[in-house]
Amino acid sequence: MGMEQLSLVISLFQQLCVYLVIAWLLSKTPLFMPLTQVTLSLPHKLVCYLIFSTFCILGTYFGLRIENSIANTRAIGAVLGGIVGGPAVGLLVGLTGGLHRYSLGGFTALACMFSTVAEGLLGGLVHRHFVARRRLDRLFNPWMVAAVAFVAELLQMSIILLVARPLADAWHLVQNIAAPMLVANTLGAAMFMGMILDRRAMLEKYSVAFSARALKIAERAMGVLDQGFTQQTCGQMARILYEETGVGAVAITDCHQLLAFIGIGEDHHLPGTPITSPHTFAAISRNEVVYADGNLIPYSCTLHPGCKLGSSLVIPLRGEEGQVVGTIKLYEPKRKLFSSMNRTLGEGIARLLSGQILSGKYNEQKRLLAQGEIKLLQAQINPHFLFNALNTLSAVIRRDPEQARTLVQHLSTFFRKNLKRQSDEVSLRDELEHVQAYLQIEQARFADHLSVQWQIPEALLECRLLAFSLQPVVENAIKHGISQMLEPGCLTLAAEVREDYLQLVVSDNAGLYQPPADKCGLGMNIVDRRIKARYGEQYGVRVECEPGLLTRVIISLPLTEVLC
Amino acid sequence: MLTALIVDDEPLAREELRLLLQASGCIAVLGECAHALEALPAIHRLKPDILFLDIQMPRISGLELVGMLDPQALPHIVFVTAFDEYALRAFEEHALDYLLKPVDPARLQRTLDRLLLLARREVMVPDSEGAAAPGSGDPGLVAAPLRTIPCIGHNRILLLPLAEVEYVHSDLTGNRVVAGERQGTTELTLRTLEEKSGFLRCHRQYLLNPAQIREILLLEGGLAEVVTCGGHKVPVSRRYLRPLKDQLAIP
C-alpha cells in the first residue's frame, strides 16, 4: 500500500466521520425507533427504506472522485437496509442508491448500480437467514454486520471488474480503491449498527427504570386512600410520592384546600390552607393537566416570595364520572428541569390515586350500608315489641308488683344489650342473655300460650359468634310462628357441635314458615348475609319447615371455642 | 249502658282493658276473645254495641275480621294497637277511632263519651251531622280483603283459601263451605260472602265460586245443575239461572 492509498484511506475516513455524525444525530430522534427492532409492519419498513436510501445516497456524495469514479461508503446504507428491513427493503434501497449513482455517470456507473443492488440484496438475504433461524440477536451484532459489509465490498470489486470496460482501467481503479473502501465500509457499517444498538439499550433501560419506579409507587401506595381522602391519608401518600419520584416537592389538594405538602417549601405550604395557585384553579376548572415549566409558562409561589420552587405540574384527580375531586402537584426547584419521566409518572400516579379514591368511596358506602342494616335490625325490634311490653307491664303492675319489677329488669337487660353492641363478636352466653331477656317479656305477654325449652350445653357458652345472630331468628320464630298460632306454642333453642362447626337450632311448632319474597324474611336474611360475609359461604342460616307442624331455623357457625 | 266485646290475643292486655272499661262505669263488658275465630260467633251471638279490636292477632288480623262482619250489622269498632304505622294512618284518614297501648284512661274516657253521645243521637236523629268526627267513619273502608274463609271442621279450625272453595251451602246447621275434600261450617253469612268473595248466587241457599265451575247441566223446567271442579253438584234455581249465565257471558 503506497502513500497515495494511505491518504485515500484517511480522506475516506474523514468523510465517514461526517457521515456517522449525521447518523448519530438522527439516532436521537424518534425516526430511529423503527430501526431498533425487526418489524413486519409496513410503515416501519417504509421508514427503514427512506432512512437507509438517504444514507446510501449520502454515501455517494461523501465519496472521493478518483479517475472518473467514486470511492464511497454507499454500501453501508444498502447492506444495513437489507439487514434491518429484509430482502425487499434491501433491494429497494440498493436500487434507489444504485440509480442515483448511475445518474452521476462515469465508466463504472453501470457496475456501481449493479453492485449496490447486489449489496442491498445480500443484506436482505442475511436478514432472511437469521430471521428464519430465529437468531435476531445475531442480526444486530456489529461483527456480523462488519463481515457482511466486507463481503459486499468484495462483491462490488468483482462486479466492477466484470462489468466496467476497458478492463485495464477497471483493474487499475480496483487496485486503488479496494483497500480504502473495504476498510471504510466495514468499519462504518459496524459503527452504524453500534449506534442502533446503543439507542435500543437506552430505550430499554429507560422503560425498565420507569416501570420499576411506577410499580414501586403502586405497591407502596396500595390501599392508602381506600381509607378516605383526608389530610392524614394524603400526607402518607405525598410522602411516598416524594420519596419515590425524587421531585422537589409533592402536594395533594381537594377542590378547595391543600391536604398535604411534602418537600421544599413545606414551611409555608401548610396543609389545611385554601388553594391559592392559579395553575391549580385552572387544572380543577378545566379538568386537565397544567404544566408551568418556569420558562414559557412562568411559575412563582403565591405564598412566599423566597420560595425556592420554580416549576409545577398540576394533575387533576378524577372521581365518579370523571369529575375533578382534587389535584396532585409535583414541583421542582428553580434551576432544575422536570424530567419527562416524572411528568408521565405524575399522570399515571394521578390515575392510580383516582382509582383509589373511587374504591375508597365505594368501601365507605359498603361499610355505611352494613352499619345501616344493623341499625335497621335494631330498629325493627323496637316499636311493636316495646309498646306491647309496656302494655303488659301496665297490667302486671296492677296484679303483681313483684313480677312487674322483674319484668322491668328483663326489659332493661334487653334494651341494654340492644344498645351496647359496638364490638361485633360476642360469646354465646352473651347472645343468650339477650334472647332470654326477650323471651321473658314475650312469655309474660302470651302467658301460657308460649313455652320455651333450652337445650344449650354449658360447654358451648363461650363460643364466639356475631352479635345479633340469634336474637333476630328467635324473634322471627315468635312473630311469624308462635304468635300466629291459635293453640299454645313451644319454642326450642338448641346448640350442638356438628363435625367441626357449631350449630344453633331455633324451632317452633307452628310450621308457618313462608319462603321470603316479602319483608318477613328480612331480619333472617341479614343475619345470613352477615355470617357469610364474616365467616365464609359454608356458614349461614337455613330453614326447614314441615307445614303446620314445625319450623326449624339452623344457624351454622365456625367453632371458635375460647379455652382459658 | 253500652255493651262491649274485647278481642285481643294477649290475656294481660284483655285484662287491662277490661279493668279500665269497668272502672269507667258506663260499659258492660259482655266477653273477651283471644282471636278472630273466637270473636266471629261471639259477635253474632252477643251483638255488642262496641268492639275493642286488636289488629295483630294470630292467622286473622283485626282488619281482616272487620271484612268478615256483616256490613249491615256492624258494631262500633275501636281499634286497639301497640304500633302499626300504616293502620294508624288509615284510621286517621277514614275518621275511625283507635286507642294506643298502653291505654291512657283519659283517652279511653274521651272515646267512651263520644260513643255514648253517638248512641244517644242515633236514637233521636239517625245519621245527623258530625261526619268527620273520630269514630264516625265506616270501618269497612279499612277492612282487609277476604283471603280465607274461617270454618269449624271436625274438631278443628280450618282457614279455607278463597280460591279453593267450590261452593257455600246454607242449611239448618249453618253455612257449609266446601273445598274439595275439606269442608266446615262458617260463621260468615251468605250475604257477607256474596259481597266480599266474588262468589255467585245460584240458589237461595247456594253460593258458587265461578272459578271452580267444570260444567253446567241444563235441566227441564228452566233448572240447571253445576258440576264443580271437585265433582260436587250444585243446584241452580230458575230465578238465578239467567243472572248466572249473564255473569259467565253465556247467551
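Helices here are DSSP runs of H or I with at least four residues, and strands are runs of E with at least two. Counted that way, chain A has 15 helices and 14 strands. Keep in mind that this is a predicted model.

Let's start with chain A as a whole. It has 564 residues, and 39% of them count as buried. As for how the chain folds back on itself, take the contacts with a separation of 6 or more: 68% of those in chain A join residues 24 or more positions apart.

Now zoom in on one helix, α2 of chain A, which covers residues 42–61. A quick sanity check on its geometry works out: with 20 residues at 1.5 Å a residue, α2(A) should span 28 Å, and its end C-alpha atoms sit 29 Å apart, so the two agree. Plenty of α2(A) is tucked away, too: the buried residues are C48(A), I51(A), F52(A), S53(A), F55(A), C56(A), L58(A), G59(A) and T60(A). What covers them? Among the elements doing that job are the helices α1 (3–27), α3 (74–85) and α4 (87–103) of chain A, along with the strand β2 (69–71).

Next, move over to where the two chains meet. Here 18 residues of chain A are in contact with 16 residues of chain B. On the chain A side, the elements giving two or more residues are α11 (340–399) and α13 (428–446). The largest share comes from α11(A), with 11 residues. And what is that side of chain A made of, by class? It has 9 nonpolar, 7 polar and 2 charged residues.

Terms used. Residues numbered from 1 in each chain as written. Chains lettered and ligands numbered in written order. Predicted model: local features only at pLDDT ≥ 70, side-chain atom pairs only at ≥ 80, totals over all residues. Contact = placed C-beta atoms within 7 Å. Nonpolar A, V, L, I, M, F, W, Y, C, P; charged D, E, K, R; others polar. Buried ≥ 20, exposed ≤ 12 C-beta atoms within 10 Å, placed from the backbone. Expected span 1.5 Å × (residues − 1).
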